[in-house]
Amino acid sequence: MVVAKQIDVISLFPDMFDAISRHGVSGRAFERGLAHLQLWNPREFSTNPYRSVDDRPYGGGPGMVMQAEPLAAAIEAAQARQHDAGVGDPRVIFLAPHGRRLDHDAVMRLASLDGLVLLCGRYEGVDQRLIDESVHECVSIGDYVLSGGELAAMVVIDALLRQLPGALGDAQSADQDSFVDGLLDYPHYTRPEVWRGRQVPSVLLGGDHERIRRWRLQQSLADTAALRPDLLRNRDLSKEESVLLAQSLQAEQPE
Ligand code: 9D3
(Lines give C-alpha, C1' and ligand atoms only; values in the text may rest on other atoms or scores of the structure.)
Protein backbone atom coordinates (compact mmCIF):
# COMPACT_ATOMS: atom_id res chain seq x y z
CA MET A 1 0.00 0.00 0.00
CA VAL A 2 1.39 3.35 -1.08
CA VAL A 3 1.11 5.98 1.64
CA ALA A 4 0.25 9.56 0.80
CA LYS A 5 3.03 11.99 0.13
CA GLN A 6 3.17 14.20 3.22
CA ILE A 7 3.61 17.92 2.56
CA ASP A 8 3.66 20.52 5.34
CA VAL A 9 4.03 24.19 4.51
CA ILE A 10 5.06 26.98 6.88
CA SER A 11 3.55 30.26 5.65
CA LEU A 12 2.16 33.55 6.90
CA PHE A 13 -0.39 33.32 4.06
CA PRO A 14 -1.86 29.81 4.27
CA ASP A 15 -4.96 30.77 2.24
CA MET A 16 -2.78 31.28 -0.84
CA PHE A 17 -2.49 27.47 -1.01
CA ASP A 18 -6.21 27.18 -1.87
CA ALA A 19 -4.93 27.87 -5.39
CA ILE A 20 -3.44 24.36 -5.60
CA SER A 21 -5.54 22.46 -3.03
CA ARG A 22 -8.86 23.33 -4.69
CA HIS A 23 -8.17 23.24 -8.43
CA GLY A 24 -7.16 20.90 -11.21
CA VAL A 25 -4.67 18.03 -11.16
CA SER A 26 -3.17 19.04 -7.80
CA GLY A 27 -6.60 19.47 -6.18
CA ARG A 28 -7.61 15.99 -7.33
CA ALA A 29 -4.36 14.48 -6.05
CA PHE A 30 -5.21 15.77 -2.57
CA GLU A 31 -8.88 14.71 -2.89
CA ARG A 32 -7.83 11.18 -3.88
CA GLY A 33 -5.49 10.97 -0.91
CA LEU A 34 -2.34 10.63 -3.01
CA ALA A 35 -0.88 13.46 -0.99
CA HIS A 36 -1.69 15.30 2.20
CA LEU A 37 -1.18 19.05 2.54
CA GLN A 38 -1.05 20.77 5.90
CA LEU A 39 -0.48 24.50 6.44
CA TRP A 40 1.17 26.02 9.52
CA ASN A 41 1.03 29.74 10.20
CA PRO A 42 4.05 30.88 12.26
CA ARG A 43 1.86 33.64 13.69
CA GLU A 44 0.03 30.92 15.66
CA PHE A 45 3.35 30.10 17.31
CA SER A 46 4.22 33.67 18.26
CA THR A 47 4.40 34.14 22.01
CA ASN A 48 4.04 37.91 22.15
CA PRO A 49 0.74 39.78 22.63
CA TYR A 50 0.77 41.26 19.10
CA ARG A 51 1.35 37.85 17.46
CA SER A 52 4.24 39.41 15.60
CA VAL A 53 6.82 37.18 13.91
CA ASP A 54 9.26 39.76 12.50
CA ASP A 55 11.65 42.39 13.82
CA ARG A 56 14.24 44.91 12.63
CA PRO A 57 17.55 43.59 11.27
CA TYR A 58 20.60 43.67 13.56
CA GLY A 59 23.17 45.90 11.87
CA GLY A 60 20.50 48.07 10.30
CA GLY A 61 19.17 48.19 6.78
CA PRO A 62 15.75 48.18 5.14
CA GLY A 63 12.80 45.96 5.93
CA MET A 64 12.11 43.36 8.56
CA VAL A 65 13.48 39.88 9.28
CA MET A 66 11.42 36.83 10.27
CA GLN A 67 12.30 35.73 13.78
CA ALA A 68 13.71 32.26 14.41
CA GLU A 69 11.54 30.99 17.26
CA PRO A 70 8.03 31.09 15.75
CA LEU A 71 9.41 29.43 12.60
CA ALA A 72 11.24 26.76 14.62
CA ALA A 73 8.09 26.01 16.60
CA ALA A 74 6.04 25.72 13.39
CA ILE A 75 8.65 23.48 11.74
CA GLU A 76 8.76 21.25 14.82
CA ALA A 77 4.96 20.94 14.84
CA ALA A 78 5.09 19.98 11.16
CA GLN A 79 7.85 17.44 11.77
CA ALA A 80 5.87 15.91 14.65
CA ARG A 81 2.82 15.59 12.40
CA GLN A 82 4.97 13.95 9.71
CA HIS A 83 6.32 11.44 12.25
CA ASP A 84 2.72 10.61 13.24
CA ALA A 85 1.96 10.08 9.54
CA GLY A 86 4.84 7.60 9.32
CA VAL A 87 7.56 9.79 7.80
CA GLY A 88 10.85 9.06 9.56
CA ASP A 89 12.92 11.97 8.36
CA PRO A 90 10.99 14.75 6.61
CA ARG A 91 13.18 17.04 4.55
CA VAL A 92 12.99 20.75 5.42
CA ILE A 93 13.24 22.92 2.30
CA PHE A 94 13.50 26.70 2.40
CA LEU A 95 12.19 28.45 -0.71
CA ALA A 96 14.72 31.22 -1.21
CA PRO A 97 16.14 33.35 -4.04
CA HIS A 98 19.66 32.03 -3.30
CA GLY A 99 18.58 28.36 -3.43
CA ARG A 100 19.41 25.73 -6.01
CA ARG A 101 17.37 26.34 -9.18
CA LEU A 102 14.46 23.96 -9.60
CA ASP A 103 14.49 21.76 -12.71
CA HIS A 104 12.94 18.44 -13.74
CA ASP A 105 15.66 16.38 -12.04
CA ALA A 106 15.17 18.28 -8.78
CA VAL A 107 11.38 17.76 -9.02
CA MET A 108 11.91 14.01 -9.47
CA ARG A 109 14.20 13.89 -6.45
CA LEU A 110 11.71 15.79 -4.28
CA ALA A 111 8.86 13.60 -5.59
CA SER A 112 10.77 10.51 -4.42
CA LEU A 113 10.87 11.68 -0.77
CA ASP A 114 8.15 10.52 1.67
CA GLY A 115 7.75 13.85 3.41
CA LEU A 116 8.55 17.51 2.81
CA VAL A 117 8.36 20.55 5.04
CA LEU A 118 8.38 23.66 2.87
CA LEU A 119 9.33 26.93 4.55
CA CYS A 120 8.11 30.14 2.90
CA GLY A 121 9.82 33.39 3.77
CA ARG A 122 8.37 36.91 3.69
CA TYR A 123 9.90 40.34 4.33
CA GLU A 124 13.65 40.82 3.69
CA GLY A 125 14.51 37.34 4.90
CA VAL A 126 14.70 34.82 7.72
CA ASP A 127 17.06 34.87 10.72
CA GLN A 128 20.12 32.91 9.49
CA ARG A 129 20.28 30.92 12.74
CA LEU A 130 16.92 29.28 11.93
CA ILE A 131 18.27 28.29 8.50
CA ASP A 132 21.47 26.90 10.04
CA GLU A 133 19.49 25.04 12.71
CA SER A 134 16.55 23.58 10.81
CA VAL A 135 16.87 23.77 7.00
CA HIS A 136 18.30 20.89 4.90
CA GLU A 137 18.31 22.64 1.51
CA CYS A 138 17.28 25.87 -0.24
CA VAL A 139 15.38 25.92 -3.53
CA SER A 140 14.75 28.81 -5.95
CA ILE A 141 12.42 28.66 -8.95
CA GLY A 142 14.39 31.09 -11.12
CA ASP A 143 16.29 34.35 -11.42
CA TYR A 144 13.56 36.89 -10.77
CA VAL A 145 12.31 38.44 -7.55
CA LEU A 146 9.07 37.25 -5.95
CA SER A 147 7.41 38.79 -2.88
CA GLY A 148 7.73 35.63 -0.83
CA GLY A 149 8.22 31.87 -0.96
CA GLU A 150 4.55 30.88 -1.31
CA LEU A 151 4.27 30.94 -5.11
CA ALA A 152 7.58 29.06 -5.35
CA ALA A 153 6.35 26.42 -2.87
CA MET A 154 3.18 26.00 -4.96
CA VAL A 155 5.29 25.56 -8.09
CA VAL A 156 7.28 22.82 -6.34
CA ILE A 157 4.14 21.10 -5.04
CA ASP A 158 2.29 21.28 -8.38
CA ALA A 159 5.28 19.90 -10.30
CA LEU A 160 5.91 17.01 -7.92
CA LEU A 161 2.25 15.98 -7.52
CA ARG A 162 2.11 15.36 -11.30
CA GLN A 163 4.81 12.73 -10.79
CA LEU A 164 2.81 10.71 -8.25
CA PRO A 165 1.32 7.50 -9.69
CA GLY A 166 -2.39 8.09 -10.29
CA ALA A 167 -2.24 11.89 -10.21
CA LEU A 168 -2.84 12.25 -13.95
CA GLY A 169 -5.70 10.71 -15.92
CA ASP A 170 -5.27 7.39 -17.76
CA ALA A 171 -4.75 9.13 -21.09
CA GLN A 172 -1.99 11.34 -19.74
CA SER A 173 1.28 10.29 -18.28
CA ALA A 174 3.94 12.34 -16.58
CA ASP A 175 6.66 10.76 -18.68
CA GLN A 176 5.02 12.05 -21.85
CA ASP A 177 5.56 15.59 -20.55
CA SER A 178 7.87 17.94 -22.35
CA PHE A 179 11.37 18.12 -20.78
CA VAL A 180 11.12 14.53 -19.57
CA ASP A 181 12.66 13.23 -22.79
CA GLY A 182 14.62 16.48 -23.08
CA LEU A 183 12.60 17.99 -25.96
CA LEU A 184 9.93 20.65 -26.18
CA ASP A 185 6.34 19.57 -26.85
CA TYR A 186 4.97 19.33 -30.39
CA PRO A 187 2.12 21.69 -31.47
CA HIS A 188 -1.48 20.69 -30.70
CA TYR A 189 -4.64 21.17 -32.77
CA THR A 190 -8.34 20.50 -32.22
CA ARG A 191 -11.61 21.27 -34.06
CA PRO A 192 -12.45 23.05 -36.27
CA GLU A 193 -10.25 21.90 -39.18
CA VAL A 194 -10.02 25.49 -40.47
CA TRP A 195 -9.99 28.44 -38.05
CA ARG A 196 -9.70 32.01 -39.39
CA GLY A 197 -8.22 30.60 -42.54
CA ARG A 198 -5.62 28.50 -40.70
CA GLN A 199 -5.62 24.78 -41.58
CA VAL A 200 -4.76 21.92 -39.28
CA PRO A 201 -1.62 20.24 -40.74
CA SER A 202 -2.94 17.58 -43.12
CA VAL A 203 -0.77 14.81 -41.65
CA LEU A 204 -2.85 14.96 -38.44
CA LEU A 205 -6.11 14.36 -40.35
CA GLY A 206 -4.87 11.29 -42.23
CA GLY A 207 -4.89 8.66 -39.47
CA ASP A 208 -1.44 7.30 -40.37
CA HIS A 209 -0.17 6.97 -36.80
CA GLU A 210 3.44 6.23 -37.76
CA ARG A 211 3.57 9.34 -39.99
CA ILE A 212 1.96 11.38 -37.19
CA ARG A 213 4.51 10.10 -34.68
CA ARG A 214 7.40 11.07 -37.02
CA TRP A 215 5.88 14.51 -37.75
CA ARG A 216 5.41 15.29 -34.04
CA LEU A 217 8.94 14.15 -33.23
CA GLN A 218 10.26 16.33 -36.06
CA GLN A 219 8.30 19.35 -34.79
CA SER A 220 9.66 18.77 -31.28
CA LEU A 221 13.21 18.54 -32.58
CA ALA A 222 12.93 21.64 -34.80
CA ASP A 223 11.32 23.75 -32.04
CA THR A 224 13.89 22.60 -29.50
CA ALA A 225 16.75 23.44 -31.89
CA ALA A 226 15.27 26.89 -32.55
CA LEU A 227 14.05 27.86 -29.06
CA ARG A 228 16.12 25.80 -26.59
CA PRO A 229 19.36 24.65 -28.25
CA ASP A 230 20.78 24.17 -24.73
CA LEU A 231 18.44 21.18 -24.26
CA LEU A 232 19.85 19.46 -27.37
CA ARG A 233 23.44 19.91 -26.20
CA ASN A 234 22.54 17.89 -23.07
CA ARG A 235 20.93 15.04 -25.00
CA ASP A 236 22.09 12.48 -27.56
CA LEU A 237 19.98 12.14 -30.71
CA SER A 238 19.01 8.74 -32.11
CA LYS A 239 19.65 8.07 -35.82
CA GLU A 240 15.96 8.71 -36.59
CA GLU A 241 16.02 11.98 -34.64
CA SER A 242 19.17 13.22 -36.40
CA VAL A 243 17.62 12.51 -39.80
CA LEU A 244 14.32 14.21 -38.92
CA LEU A 245 16.10 17.29 -37.53
CA ALA A 246 18.44 17.57 -40.55
CA GLN A 247 15.39 17.28 -42.84
CA SER A 248 13.54 20.05 -41.05
CA LEU A 249 16.57 22.35 -41.08
CA GLN A 250 16.92 21.80 -44.85
CA ALA A 251 13.23 22.52 -45.43
CA GLU A 252 13.60 25.75 -43.46
CA GLN A 253 16.30 27.29 -45.70
CA PRO A 254 16.02 26.34 -49.37
CA GLU A 255 19.31 27.30 -51.18
C1 9D3 B 1 17.59 42.51 -1.66
C2 9D3 B 1 17.86 41.07 -1.74
N3 9D3 B 1 16.69 40.27 -2.08
C4 9D3 B 1 17.19 38.90 -2.40
C5 9D3 B 1 17.26 38.66 -3.88
C6 9D3 B 1 15.74 40.23 -0.97
C7 9D3 B 1 14.59 39.30 -1.18
C8 9D3 B 1 13.80 39.41 -2.31
C9 9D3 B 1 12.71 38.57 -2.47
C10 9D3 B 1 14.30 38.34 -0.25
C11 9D3 B 1 13.21 37.50 -0.43
C12 9D3 B 1 12.41 37.65 -1.52
C13 9D3 B 1 11.23 36.78 -1.69
N14 9D3 B 1 11.48 35.66 -2.63
C15 9D3 B 1 11.36 34.42 -2.23
O16 9D3 B 1 11.04 34.16 -1.09
C17 9D3 B 1 11.64 33.35 -3.17
C18 9D3 B 1 12.03 33.37 -4.54
C19 9D3 B 1 12.27 34.43 -5.46
O20 9D3 B 1 12.15 35.63 -5.16
N21 9D3 B 1 12.66 34.11 -6.74
C22 9D3 B 1 12.81 32.83 -7.16
N23 9D3 B 1 12.60 31.81 -6.34
C24 9D3 B 1 12.22 32.09 -5.06
S25 9D3 B 1 11.94 30.95 -3.88
C26 9D3 B 1 11.56 32.05 -2.73
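How are H2 and H6 oriented relative to each other? This tour of a predicted model starts with that pair and then moves on through the ligand, two further helix contacts and two places in the loops.

**First stop: H2 and H6**

Select helix H2, residues 24-31, together with helix H6, residues 150-161, and look along the place where their axes come within 9 Å and cross at roughly 70°. Angles from 65 to 115 degrees count as roughly perpendicular, and H2 and H6 are therefore roughly perpendicular to each other. To see how the two helices touch, show the side chains of Ser-26, Ala-29 and Phe-30 in H2, which meet Ile-157, Asp-158 and Leu-161 in H6. Coloured by class, the residues of this contact divide into 4 nonpolar, 1 polar and 1 charged.

**Second stop: H4 against H6**

Keep H6 selected and add helix H4, residues 104-111, which packs with H6 at an angle of about 75°, the two axes being 9 Å apart. That angle makes H4 roughly perpendicular to H6. On the H4 side the contact is made by Val-107, Leu-110 and Ala-111, and on the H6 side by Val-156, Ala-159 and Leu-160. Here the class colouring gives 6 nonpolar residues, with no polar and no charged ones.

**Third stop: the ligand**

Now select the ligand and display the 15 residues around it, of which Ile-141, Gly-142, Tyr-144, Leu-146 and Gly-148 come nearest. Which distances are worth drawing in the viewer? One runs from a nitrogen atom of the ligand to an N or O atom in the side chain of Ser-140, at 3.4 Å. Another joins a ligand nitrogen atom to a polar backbone atom of Ile-141, at 3.1 Å. For an oxygen atom of the ligand, turn to Gly-149, where a backbone N or O atom lies 3.2 Å away.

**Fourth stop: H7 and H9**

Move along the chain to helix H7, residues 209-227, and helix H9, residues 239-252, whose axes come within 9 Å and cross at roughly 70°. H7 is therefore roughly perpendicular to H9, and the crossing of these two helices is right-handed. From H7, the residues to show are Arg-213, Arg-214, Leu-217, Gln-218, Leu-221, Ala-222 and Ala-225, while H9 contributes Glu-240, Glu-241, Leu-244, Leu-245, Gln-247 and Ser-248 to the contact. By class, the residues of the contact of H7 with H9 divide into 6 nonpolar, 3 polar and 4 charged.

**Last stop: two places in the backbone**

Most residues other than glycine have a negative phi, and most peptide bonds are trans. With that in mind, select Arg-51 in the loop between strand S2 (35-40) and strand S3 (54-55), where phi is near 60°, a positive value in a residue other than glycine. Then go to Pro-192, in the loop between H6 and strand S9 (194-195), and inspect the bond that joins Arg-191 and Pro-192, which is a cis peptide bond with omega about 5°.

Notes
Residues are numbered from 1 along each chain as its sequence is written. This is a predicted model: local features need pLDDT of at least 70, side-chain atom pairs count only at pLDDT 80 or more; totals for chains, interfaces and linings use all residues. Side-chain values use heavy atoms; hydrogens and water are left out. Axes are lines fitted to C-alpha atoms, for helices over the stretch in contact, and angles run from 0 to 180 degrees between N-to-C directions. Helices (H or I, at least four residues) and strands (E, at least two) are DSSP runs, numbered from the N terminus. Angles under 35 degrees count as roughly parallel, over 145 as roughly antiparallel, 65 to 115 as roughly perpendicular and the rest as oblique. A crossing is left-handed if the near helix is turned anticlockwise from the far one by less than a right angle, and right-handed if clockwise. Contact means heavy atoms within 4.5 Å. Ala, Val, Leu, Ile, Met, Phe, Trp, Tyr, Cys and Pro count as nonpolar, Asp, Glu, Lys and Arg as charged, and the others, Gly among them, as polar. A residue is near a molecule or strand if one of its heavy atoms lies within 4 Å of it. A polar contact is a pair of N or O atoms within 3.5 Å; within protein, one must be able to donate a hydrogen and the other to accept it, and residues adjacent in sequence count only if both atoms are side-chain atoms.
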